[in-house]
Amino acid sequence: MNVLSVTAEIFPFVKTGGLADVAGSLPKALKSHGIRTRTLVPGYGSVVEALDAGATPIARYDCLFGESATLLAGRAGGLDLFVLDAPGFFYRSGGPYTDEYGVDYPDNWKRFAAFSFVASQIAGGFVQHWRPDIIHAHDWHAALSLVYVKYADVQIPRVLTVHNIAFQGQFPAHLFSELGLPNEAYSVDCLEYYGDLGYLKGGLQAADAITVVSPTYAREIMSPTFGMGLEGVINARHDDVVGILNGIDIDVWDPSADPYIEHQYSARTPLRRLPNREALLELFGLPQTSGPVFASINRLTWQKGMDLLAAVVDEIVAMDGRLIVHGNGDAEIEHAFLDAARRFPQHIALWLGYEETVAHKIHAGADAMLVPSRFEPCGLTQLYALRYGCVPVVARTGGLSETIIDANVAALQAQAATGIQFSPVDTDGLRLALRRAFNLYRHRRIWEGLQRQGMKTDSSWHRSAARYAELYGDLTATEMRLAG
């Protein structure tokens, strides 16, 4: 089976969050199921530079939504890629979606419409000697590709994965005439969204199957609290919505062979982990301590609950813990952590931005990983933490509630616990979770049991890739019956 994956990010070439990790690791996991994935990705400079020498142009566009472009086919990092090399759209000094000041590019509607249009052409057999059996789009940046496929009357099953329904690709309605779609596409049954254009909404309506990244999140987004205005669409399509947990690339995230950490270790050699803790504190300029070292690798945003963490740093300081924060985001939350680090330089350290190597070092050295998200579709940070023996402390929401077994009395007695969950997701809930963590940390045998149990957890793509393969098979079988 051939699958065309369409994504705006793919690890290790361009990444702002978990979407990139999934897009980079799922194709590898699907190979064992006889599924070959070729991924279309925008031609950011980092992507074009990573292509192997054998990359070849397979189509040229003199005017693709006003820009010249070349469609390249090649390989990079063991992945089969199509790359839309359109310098006017994708060679920019900022990030994939925002400029260096964090402001959305005003032509995002056009950049990802062009990208989606090319995806629809590939889905329709545009590439000689290769035609996909499935088109699988990820998030709003690629969702419009399913709309183009639908109105081009291309007979191919269409899958949309929603990694975070809060990001929807909403643009002014007057731009519809620039998309090259028939008038009926601007309707409540497709792109019309509260009087605007909704790229994600259109993809949800055009998809044959909708996957979200955990079963709990699949239920949550059917409510107004989590549906972000799209709960009506999700409820109308509920029979087509499937929750499939994300996995992680266990070759990239492997403490026994990780090139970014000073001392490799495994569940069988846990004592070898300790020097990484010392190296981490030294890296962040914090004194060595017998107390717990907490960390949080996250976007510093309201969704991720990082304002809650900034509000309770006194709890960690008062009990002589350490806190390391790595990420960036809202200026107000960044300033809150900068202020905390200035007030408590012996206890709190902040590294603004995101560095993959630093993230590995933190997972390998910290004692506990704090994930206080108000909502979390799946979450990958807690899965990396499990793999590295860094005990997750998570909010009871979305995929966090499904991937972490709370250290309650029953779970501890059964030696099944892997972390700490807390609810309600507010400052009081987080403070109580931190006190539980301090208490468990003082009981070294219990804490080490949490670490060992976490490291034994299967966070790979094994089961989830099989579920995707099953879904693809069901869709292609249905397509064949309809064609027959």
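Which helix holds both Glu 470 and Arg 467, and how many residues apart do they lie? Both belong to helix H20 (residues 462–483), where they are 3 residues apart, about one turn of the helix. The model on display is a predicted one, and the tour begins at this helix.

**Stop 1: helix H20 and the salt bridges**

Select Glu 470 and Arg 467 and show their side chains. A salt bridge links the two, with 3.5 Å between the closest N and O atoms. Glu 470 is partly exposed, because its relative accessibility is 45%. Arg 467 is likewise classed as partly exposed, its relative accessible area being 29%. Next, select Asp 314, Glu 315, Arg 431 and Arg 435 together: salt bridges with shared partners connect these four residues into one network.

Now move to Asp 458 and Arg 463. Their side chains form a salt bridge with an N to O distance of 3.8 Å. Asp 458 has 38% relative accessibility and therefore counts as partly exposed, while Arg 463, with a relative accessible area of 57%, is exposed.

Then select Lys 15 and Asp 21, whose side chains meet in a salt bridge at 3.0 Å, N to O. Is Asp 21 buried or exposed? At 9% relative accessibility, Asp 21 counts as buried, because the limit for that class is under 20%. Its partner Lys 15, at 26%, is partly exposed. The salt bridges in the model number 21.

**Stop 2: strand S4 and its two neighbours**

Select residues 67–76, which make up strand S4. Of its 10 residues, 7 are buried, so the strand is largely enclosed by the rest of the structure.

Add strand S3 (residues 56–64) to the selection. S3 and S4 run antiparallel and are joined by 6 bridges. To see the register, label Tyr 61, which stands opposite Ala 69 in S4. The hairpin of S3 and S4 has 2 residues between the strands, and in this hairpin Phe 65 adopts a positive phi near 55 degrees.

On the other pairing of S4, select strand S5 (residues 79–85). These two strands also pair in the antiparallel sense, over 7 bridges. Here the residue to label is Ala 73, opposite Phe 82 in S5. The hairpin of S4 and S5 likewise has 2 residues between the strands, with Gly 77 at a positive phi near 55 degrees.

**Stop 3: the nonpolar cores**

In soluble globular proteins, nonpolar side chains tend to be buried together. Which residues touch the most other members of the largest nonpolar core? Within this core of 81 residues, they are Leu 179 and Leu 191. Colour helix H4 (residues 108–123) as well, since this helix gives the most to the core, with 9 residues.

Centre the view on Leu 179 and display its contacts. Leaving aside residues up to four places away in sequence, Leu 179 touches Phe 65, Trp 109, Ala 113, Leu 144, Tyr 148, Leu 191, Leu 197 and Tyr 199. Phe 65 in this list is the residue with positive phi in the hairpin of S3 and S4.

For a second view, select Val 313, Val 317, Ala 366 and Val 394. These residues are among the members of a second, separate core of 68 residues.

**Stop 4: backbone features in the loops**

Most residues other than glycine have a negative phi, and most peptide bonds are trans. The following selections show departures from these patterns.

Select Phe 11 and Pro 12, which are joined by a cis peptide bond with omega of about 10 degrees. Pro 12 sits in the loop between strand S1 (2–6) and helix H1 (18–30). Go next to Ser 423 and Pro 424, where the peptide bond is cis and omega is about 5 degrees. The loop that contains Pro 424 lies between strand S18 (420–422) and helix H18 (427–442).

Select His 129 in the loop between H4 and strand S6 (134–138). Although His 129 is not a glycine, its phi is positive, at about 70 degrees. Its relative accessibility is 77%, so His 129 counts as exposed.

Finish at Tyr 194, in the loop between strand S9 (192–193) and strand S10 (196–198). Tyr 194, also not a glycine, has a positive phi of about 50 degrees. With 63% relative accessibility, Tyr 194 counts as exposed.

Note on methods: Residues numbered from 1 in each chain as written. Predicted model: local features only at pLDDT ≥ 70, side-chain atom pairs only at ≥ 80, totals over all residues. Heavy atoms only, no water. Buried < 20%, exposed > 50% of the residue type's maximum accessible area, 1.4 Å probe, protein only. Helix = DSSP H or I, 4+ residues; strand = E, 2+ residues; numbered from the N terminus. Pairing = 2+ DSSP bridges. Core = buried A, V, L, I, M, F, W, Y, C linked by side-chain atoms within 4.5 Å. Contact = heavy atoms within 4.5 Å.
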